[in-house]
Every structure is written in structure tokens, then in C-alpha cells.
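Q: Please take a close look at one loop position in this structure. Then follow the contacts and ring pairs elsewhere in the chain, with the cut-offs behind each term.

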Amino acid sequence: MITVYLSWQEPGGISGDSPLEEKISFLFWFLQSYTDLWKMISSSAYGSNTWELLVTVDHQCEEEQKEFTLRVTGDLHVGGVMLKLVEQIKVSQDWSDYALWWEQKKCWLLKTHWTLDKCGVQADAKLLFTTQHKMLRLRLPNMKTVRLKVSFSSVVFKAVSDICKILNIRRSEELSLLKQSEDTLRKKKKKDKNSKEVVTEDILNLCNSPTSSGLSASPGLYSKTMTPTYDPISGTPASSTITWFSDSPLTEQNCSILAFSHPNCSPETLAEMYQPRTLADKAKLNAGWLDSSRSLMEQGILEDDQLLLRFKYYTFFDLNPKYDAVRINQIYEQARWAILLEEIDCTEEEMLIFAALQYHVSKLSSSSETQDFTNESEVDEVEAALSNLEVTLEGGKSSNILEDITDIPKLADYLRLVRPRRLSIKTIKPYWFVFKDTSISYFKNKESGQGEPIEKLNLKGCEVVPDVNVAAKKFGIKLLIPVAAGMNEVYLRCDNENQYARWMAASVLASKGKTMADSSYHPEVHKILSFLKMKNWTMSPQAASDPESIDMKPECFVSLRYTKKYKSKQLAARILEAHQNVSQMPLVEAKLRFIQAWQSLPEFVGCGFLFRFKGSKKEDVLGVSYNRLIRIDIATGDPITTWRFSTMKQWNVNWEIRQVGIEFDHNVSVAFTCLSADCKIIHEHIGGYIFLSTRSKDHNESLDEELFHKLTGGQE
């Protein structure tokens, strides 16, 4: 104990009668001396500038101590704190996967070379010493649940990449993690409450993979030119589909769990699942996307929580049946459930096509003959390139018919122009139409085609919507052309399927700024014709009495709207009629046709969000697609305005008022506030699609992760 006596009579001559200024100066001198003395005493007793830091250890030994108090200094680095902590714990185990989590700040202290002062850690901080990899339950698009270890400290973009390596899914950048909406969870709780029997969920446990164990996964990409991996059990060369990622635990298990569709759920189960009824309900489904630039722990995800693994960006790059069995099946399943739960609308004719394809896939998946991946007749890309080179060297003609084209092709034909008038009266007149570059011009007749057109329509940036009813021989194209006041509607009627396919394909390419000289024109025509052929089935009186219809449960293949509209036998007969046109398709082709038909739907946008324009009181839906933004009327579902990413100059977010602002060419700018989700989610969707548009096969599967975060991260 130190006692200090203070007297006003000092050698310096200060006394009780001294002036006030001298007394104050003396007091400051005394306090400074006392502070220096205390520092010297405390330094000798405890060391310089030390303080106590409370750390909780998350380990499995219940009988061992959980909380530790460390005496540290501000210049001690994070790695030193972890070393001191492990020395105090005195539990023999592997601590390599452990790291410090700062609870108050919701952040990981992963930069072990940083000092506590640089991290901002002070005496009031409460740290948790816990594992970076934790168990997580993931609901896949095919409604199967897998349980695996995932990095809770890596950003979600990296965590999803590791998950996809475990599940054998290429192109992980197309997927992300989604939290279930409150409406979905409420319906599930209500269902569990009403259920008398406890249903045990079948969970696939994949927690023994290298990535799941907290180790860094090797790239493991299966090279098409390397020696194939051998199956560890049978010793035979493993299929290239299964071994795309050599460190995936699926190489040691039955890959059919994820690569093949399994029996459809019962109609009762389908009826109990959440189905959005309005555009607003559908927009709310996208509110739960996790931030790709932050970790799971930072976003409140706890160990053994359940998340949805879903395709977030609907731009499926380089789908190859030889290597993407799991990926194709999961895309198919996500599309299938979107149709069944009416997350996307379709006509009755389209619903029957989807039902027929589902029935066909279900039949083939239950057959043992389809379980061999190696039977696929796909040609390897390297072999195709060598074959093309061989033909060229022999003086033959290459299969690419567009290589020698120097002039841009054009279409010219008689079409009927339909213009909606007031009181719902339509005028339908035939005109001579000429399609060149990205524009359509129409004339009174063929003879006047060399003069000035009646009107020229520039399709770049427009919306192209099919208006087709094959049974009624109606082949229409709906063009929504952007103008200053919104969208100008133009309807074109074609005479037959071939004419429709050519003009529709040209219109789709023109909307993207491409001409018919583009290599994708003829494949687009073929795809449209194939889809029309699937719709054009013949009525078969024997279909209703077909023995196959006895075992079919048609309610499993259509949405509830149609099960209420038709009897089971009627549905079965109509599905079997539609099935006649797809019955010869191989399994993978049927899935790909389903995906293409899903993407061809007029309502197919991608993700939608409820938003309000700056200065407007009206709510609308903003659809974010792979190449454009679409403003959709919330009442009617009709597109109002379209903005192409190709015309976008810049976009930014005002993080204080949570408002997104976008500038386009021709001095067009928009600003809006998102009502159904955080503005960061929309910002990430826009940046993500722009990032995905930069992908190329020449990059050898590598991704510029830094560019992704630059485009999607934002500046909060």
C-alpha cells in the first residue's frame, strides 16, 4: 500500500497564499507524476499495458473447462492469442480447424498476423474459439436432404464451391444458398402439427469427405484428356460423370441418389407444400438468398441448420451430359418443382407437355438399363474437334454452315399484323414483312418492298413472347418494344410451324442484339420446332384404355389447379396422348427438353422482387433475368418496361436509404427501393449475371473470384 501526503508547502515556494495559476500548475505536475509512478508500479507487477480477455472454447469435452481468461497486450497478434489459449486448455486434440469468432461484431478473426489493436479487440470483447467447419443440412432441388460439413468462416461463394465439389456439380457459380421463407416454414409447422405420424426424413450423410473434414479440397477436376480414375471397389475405370471431382465422396457411393429422378411424391404431399398464389408471393420467395460475400456465421446460420441449395442464376453454361449427370438432374428437378408448385405459370397445353416429360423421365429412371452413365452417345469435345480437323484436312466441308457466310441473312414473307384497339377490338391485316439485321420492316405488299416501309421496328432490347396454340393452329409472336412511354405491343401471326420457328428465332436473337448470321440461329430454330412437335400430339382413342394409365397417378405430374379441373382418368388419358411424341427420347435428352421448355415459357424471368420506383407510390415487380431487367405490372403480370444489361452504363446502391440506382444509354436512369428483400440481393443478382456473361470455355473451369466480389459485393 502506498500513502501519498500532499502539502501546499513545497520547495518550489507554493503555499496556501500562492496565486491560483501556480496552484493549478502544481496540481497538473502532481497528477502527471502520480500517473507515471502508477505505470511503473503496475508494469513491474503485471507487465506493460496488459488486460484480461475472456475466451469461450467450443470443444466436446463436457467435463473440461469452457471459459478461459487470458492476460494479453494490444500488440499481441491473433495467432499468439490462440497459442496461449491452447496451452491453457491442456486438452490433447487437433486444433487446426479452430479460429476465433467475435460475437459482438459478428466477424471471424482469421488474419492471425493482425494484432488485437488492429482488429479493434479490447477488454470488453467476448471471443469464441470454435471450429470453422460445422455440420449443415442442405435441401437439394430434388427435395433430398444431405448432411455435410461446410465452412462457416469462408464467404458463401467459396462455401458453395466446396459443397458442389462434394456433390459432383460443375459450375458452382450458378448456385447459392437460400433460407426458407417464413410462409413456407409456417405451412410446414402447421402440417407437422396436424400430422399424427412422425415422419423421419431420409438424410444422406456426406460428412466424411476431405472438404467436409475441414481440409482444403484438391481441385480434382476430371480432365478429358487424362487417364480416368478407377473405381475403388470394383477396380474398373469409373465413369467420367461420377469422377468429375476426384475427391467427391460420391465416387464411393451410389451416384444415382443425386443423378437420377426418384419416384414422384404423393398427391397428398404435393397438396401440403407451399404454393405462392400471387406475383407478390412469388417475389417473397427470393428474399432469403444469402449474401455471397459474407460467411454463414456472419449471417446468423447455426450448426445443423437447414438451408436450400438452389440454382440462383438461370444461365446454364456448358451443359454436357457426359460430365453433368448430377447437375442436369438437379436443374431438371428445380424446374419440375417450379412447374408443380406454380412458381411459374404455363398454359394447359404446356402443362400436359411437362407432365408427359415427367412421366417419361420417371419411367426411364425406374429402369435398371439407364443406370449406366457410359452408355450415353455423347461425343467428347476433344474427339469432335479432332473429327472436324480431320474432315478439313481431307478437303471435306465442315459441318459449320455459317463459316463461309459473308452477308447477313434476311427473312421476307407475308405475315399478319395484329394491333389491339380500344374496346378490345383487334385489326388483323396481311403485310409484306422483311427481317434484316435486328429490325423488322413491313410494307403494303411485296411489290412495294423496295421503297419506304410503313413502319420499321427495332427489336434490340424488346421482349419476345410466344403466343402459340398448336391444336388451334395459332402461331403468334408477341413483341413488346421499348418506347419512351413504356412498351409498344405488336403481334405477328404466322401461317405454319416452319414460318413461326424462323421468325421467332430471328426475333429472339434480335432482342439480344444478334443477327441471323449468329451461329445460334439454326439451333434456335431446331429447338422451337422440337418444342412445337411435342405439343402437336394426335388424339388417340385407345389412350384412355391403355393399361399403363391404370398404374399412373396423373396428380403427381400436374399442379393442383389441373387436378381440381379434371378427373384422374381424364388427366391420365391426356398425359398419355402427349407422351406419344416424347416416348422415344433418351433419359438425358428428355430432361434437357424439359429444361429448355421451362426456359421458353413467357413467364420465365428468373428472380422477381417487389419494388417501388423513386417518386411513385405504386408497387411493381422487378424481374432480373440473365440479360435484362423487366418491370412487371403486379396486377396483370404484363411486362411494362425492359432494360438490357448491354445498355447499362453503371449501377450503384445508396446504402443509407437502401436505394438502387441504374444509368442506361440515352440518358435513361432509374432508381427504386426493394420492398420484399434487401437491396444487396438485387445488387448481387445484377452483378452476378454480368459476371456469368464473362465466362468462356477457354478459361479451363477457373473463375475470377475477385471479379465476382467486385461486381456483387457492393460498398456498404
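A: Ile 634 counts as partly exposed, at 28% relative accessibility. Buried means under 20% relative accessible area and exposed over 50%, with partly exposed in between, for a 1.4 Å probe and protein chains only. The model is predicted, and local features need pLDDT of at least 70, side-chain atom pairs count only at pLDDT 80 or more, and totals for chains, interfaces and linings use all residues. Residues are numbered from 1 along each chain as its sequence is written, and side-chain values use heavy atoms, with hydrogens and water left out.

The loop that holds Ile 634 runs between strand E20 (628–632) and strand E21 (639–644). Helices (H or I, at least four residues) and strands (E, at least two) are DSSP runs, numbered from the N terminus. Not counting residues up to four places away in sequence, Ile 634 touches Leu 279, Ala 280, Leu 610, Glu 619, Asp 620 and Val 621; contact means heavy atoms within 4.5 Å. Of these partners, Ala 280 is 354 residues from Ile 634 in sequence, with the C-alpha atoms 7.2 Å apart in space.

Gln 275 is another loop residue, placed between helix H7 (267–272) and helix H8 (279–284). Gln 275 has a relative accessible area of 5% and is buried. Leaving out residues up to four places away in sequence, Gln 275 touches Leu 270, Leu 340, Leu 341, Glu 342 and Leu 560. From Gln 275 to Ser 559 the separation is 284 residues in sequence and 9.7 Å in space, C-alpha to C-alpha.

For the chain as a whole, the secondary structure comes to 19 helices and 24 strands. The chain has 716 residues, of which 47% count as buried. Among contacts with a separation of 6 or more, 63% are between residues 24 or more positions apart.

One helix contact can be followed in detail. The axes of helix H10 (residues 348–365) and helix H16 (residues 568–579) come within 8 Å and cross at roughly 75°. Axes are lines fitted to C-alpha atoms, for helices over the stretch in contact, and angles run from 0 to 180 degrees between N-to-C directions. H10 and H16 are therefore roughly perpendicular to each other, on a scale where angles under 35 degrees count as roughly parallel, over 145 as roughly antiparallel, 65 to 115 as roughly perpendicular and the rest as oblique. On the H10 side the contact is made by Glu 348, Leu 352, Ala 355, Ala 356, Tyr 359, His 360 and Lys 363, and on the H16 side by Arg 574, Ile 575, Leu 576, Ala 578 and His 579. By type, the residues of this contact are seven nonpolar, two polar and three charged. Ala, Val, Leu, Ile, Met, Phe, Trp, Tyr, Cys and Pro count as nonpolar, Asp, Glu, Lys and Arg as charged, and the others, Gly among them, as polar.

Within H10, His 360 is buried at 4% relative accessibility. Apart from residues up to four places away in sequence, His 360 touches His 579, Val 582, Ser 583, Gln 584, Met 585 and Ala 590. Ser 362 also lies in H10 and counts as partly exposed, at 23% relative accessibility. Beyond its neighbours within four places in sequence, Ser 362 is in contact with Asn 264 and Phe 557. Ser 362 and Phe 557 are 195 residues apart in sequence and 10.0 Å apart in space, C-alpha to C-alpha.

On the H16 side, the charged end of Arg 574 sits over the ring of Tyr 566, 5.5 Å from its centre. A charge sits over a ring if NZ of Lys or CZ of Arg is within 6 Å of the ring centre and within 35 degrees of the ring normal. Lys 105 likewise lies over the face of Trp 102, at 5.8 Å from the ring centre.

Rings also pair with one another: a search of the whole structure finds 25 aromatic pairs. Rings of Phe, Tyr and Trp (its six-membered ring) pair if their centres lie within 6.5 Å; planes under 30 degrees apart count as stacked, over 60 as edge-to-face and the rest as tilted. Tyr 313 and Tyr 689 form an edge-to-face pair, with ring centres 5.1 Å apart and planes at 80°. Tyr 313 is in the loop between strand E10 (306–311) and helix H9 (325–340), and Tyr 689 is in helix H18 (residues 679–692), 376 residues apart. Tyr 313 is buried at 2% relative accessibility, and Tyr 689 is buried at 2%. Phe 316 and Trp 598 form a stacked pair, 6.4 Å centre to centre with 20° between the planes. Phe 316 lies in the loop between E10 and H9 and Trp 598 in helix H17 (residues 587–599), so this pair ties together parts 282 residues apart in sequence. Both Phe 316 and Trp 598 are buried. Elsewhere, ring pairs link Tyr 431, Phe 433, Phe 435, Tyr 442 and Trp 503 into a cluster.
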